[in-house]
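Me: I am new to this structure and would like to learn how to read it. Could you take me through the features one by one?

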There are 6 protein chains.
Amino acid sequence: MKLSARNQLAGTVVSVKRGAVMAEVVVRLEGGQEIVSAITVGSVEALGIKEGGKVYVVVKSTEVMIGVD
Amino acid sequence: MKLSARNQLAGTVVSVKRGAVMAEVVVRLEGGQEIVSAITVGSVEALGIKEGGKVYVVVKSTEVMIGVD
Amino acid sequence: MKLSARNQLAGTVVSVKRGAVMAEVVVRLEGGQEIVSAITVGSVEALGIKEGGKVYVVVKSTEVMIGVD
Amino acid sequence: MKLSARNQLAGTVVSVKRGAVMAEVVVRLEGGQEIVSAITVGSVEALGIKEGGKVYVVVKSTEVMIGVD
Amino acid sequence: MKLSARNQLAGTVVSVKRGAVMAEVVVRLEGGQEIVSAITVGSVEALGIKEGGKVYVVVKSTEVMIGVD
Amino acid sequence: MKLSARNQLAGTVVSVKRGAVMAEVVVRLEGGQEIVSAITVGSVEALGIKEGGKVYVVVKSTEVMIGVD
């Protein structure tokens, strides 16, 4: 499936922390930056997300803010 | 102001397209990837966002999805 | 790509209205209900979304609210 | 209260899983599809959401993505 | 309908700016602060939102960030 | 950093409830209303958010809905 969300960056899972409902997944992008994602534990299990796995972080454009120093 | 949104990536504005209410800002990250942001025209003006400007893209963790091939 | 967003419902595009930056896409689900999506015009073009096309509406769980009468 | 969020689909609560802060509510729509919602435990309690209850799932249009095979 | 979104603040519409797809609604809260909302023009019309109207601004908890000086 | 998110309201932290991954922070605005925020525990720790602290609640305009009685 191709998705309308236009921001899709390749990376590697650094860590997965699970709570009862939500999980925190940290992904290192190819450029070296780290991205934190909060998704349901159900999604972590459905996709088999685990440390070292190759993934994409995906963000809808309307969710991206801009900051200026 | 320091922000709870944990994903803050430095980049340079590549383009700004303005509609009546919303604007689309494309930012090239330091790693070379491009990110698309949809914010209000009012924010573009308040922050003085323009081509070539140094900015950060900022995303709340709960807005980040994970994809797997 | 398989996506962590757990809500993916099949439907048919009923209409596409384009602004300068944002587009409104109305999708009729197989159950007959209509869903409205606001995405960028860039995404409409990248995916070739048009009336009558078969698509999925996709929503991250953290974006779904519950209402009670 | 009538709400600007244009996507409101009727359904029945299939399950409620509670964590310390967040809860996962699964709703079966009238068309048979299941929708997963992640809301706070405080909201589950305030609305009295429980298995078998009649509810609506509500989503703001800007949160709806489109996917294409 | 009672909604799981726990943040509901009363106010008065100060202005409505319409684009082709999106509209920007500014609401003055009872405490005097102004809030900007970007919703579809379709919602503005469906709810009859106009200057001087009494409304609520509604935000899901997972969309609220915290900033610290 | 100045942020494109146009809604930034000053307040005081009333309570912080921590789960394994997510935390719920309640903030009392200067006008007296209370706002609930669901952010990661990692953000609570990174910003040193605690009861009695002075903070801002920050919301992107595209996340703000409007309700009418």
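Me: Let us begin where two chains meet. How much area do chain B and chain A bury between them, and how much of it is on carbon and sulfur atoms?

Reply: Buried area is the accessible area (1.4 Å probe) that two parts lose on being put together, summed over both. For chain B and chain A that comes to about 3,000 Å², with 61% of it on carbon and sulfur atoms. Before we go on, please note that this is a predicted model, in which local features need pLDDT of at least 70 and side-chain atom pairs count only at pLDDT 80 or more, while totals for chains, interfaces and linings use all residues. Residues are numbered from 1 along each chain as its sequence is written, chains are lettered from A and ligands numbered from 1 in the order in which they are written, and side-chain values use heavy atoms, with hydrogens and water left out.

Me: How many residues of chain B are in contact with chain A?

Reply: Contact means heavy atoms within 4.5 Å. By that rule, 32 residues of chain B touch 32 residues of chain A.

Me: How many salt bridges are there between chain B and chain A?

Reply: A salt bridge needs a side-chain nitrogen of Lys or Arg within 4 Å of a carboxyl oxygen of Asp or Glu. The count here is two. You can find one where the side chains of A:Glu24 and B:Arg6 meet, at 2.8 Å from N to O.

Me: And how many residue pairs are in polar contact between chain B and chain A?

Reply: A polar contact is a pair of N or O atoms within 3.5 Å; within protein, one must be able to donate a hydrogen and the other to accept it, and residues adjacent in sequence count only if both atoms are side-chain atoms. Between chain B and chain A there are 14 such residue pairs, both residues being at pLDDT 80 or more.

Me: Which strand gives the largest share of the side of chain B that touches chain A?

Reply: Helices (H or I, at least four residues) and strands (E, at least two) are DSSP runs, numbered from the N terminus. Strand 4 of chain B gives the largest share of that side, six residues. The residues of that side divide into 19 nonpolar, seven polar and six charged. In this grouping, Ala, Val, Leu, Ile, Met, Phe, Trp, Tyr, Cys and Pro are nonpolar, Asp, Glu, Lys and Arg are charged, and the others, Gly among them, are polar.

Me: How are the two copies related?

Reply: Two copies of a chain are related by a rotation about an axis and a shift along it. Copies are superposed by least squares on the C-alpha atoms of residues with pLDDT of at least 70 in both. Chain B can be laid on chain A with an RMSD of 0.0 Å by a turn of 180° and a shift of 0.0 Å along the axis. The two copies are thus related as by a two-fold rotation axis. The same surface serves both, since 100% of the contact residues of chain B recur in chain A. Within chain B, B:Gly31 comes closest to the rotation axis, at 2.3 Å (C-alpha).

Me: What elements make up chain A?

Reply: Chain A has one helix and six strands, running β-β-β-β-α-β-β from the N terminus on.

Me: In what order do the strands of the open sheet with 4(A) lie?

Reply: Two strands pair if DSSP finds at least two bridges between them. This open sheet of six strands has the order 4(A)-3(A)-2(A)-5(A)-6(B)-1(C), with antiparallel pairing. Strand 4 (34-40) of chain A and strand 1 (2-3) of chain C stand at the edges, each with a single partner strand, so one side of each is left without a neighbour in the sheet. Strand 5 (residues 54-59) of chain A pairs with strand 6 of chain B over three bridges, and A:Val58 stands opposite B:Met65 there. Strand 6 (residues 65-68) of chain A also pairs with strand 5 of chain B, in the antiparallel sense over three bridges, with B:Val57 as the bridge partner of A:Ile66.

Me: How many residues of chain E are in contact with chain D?

Reply: Here 20 residues of chain E touch 20 residues of chain D, and the buried area is about 1,600 Å², of which carbon and sulfur atoms give 65%. Across this interface the rule finds zero salt bridges, while six residue pairs are in polar contact.
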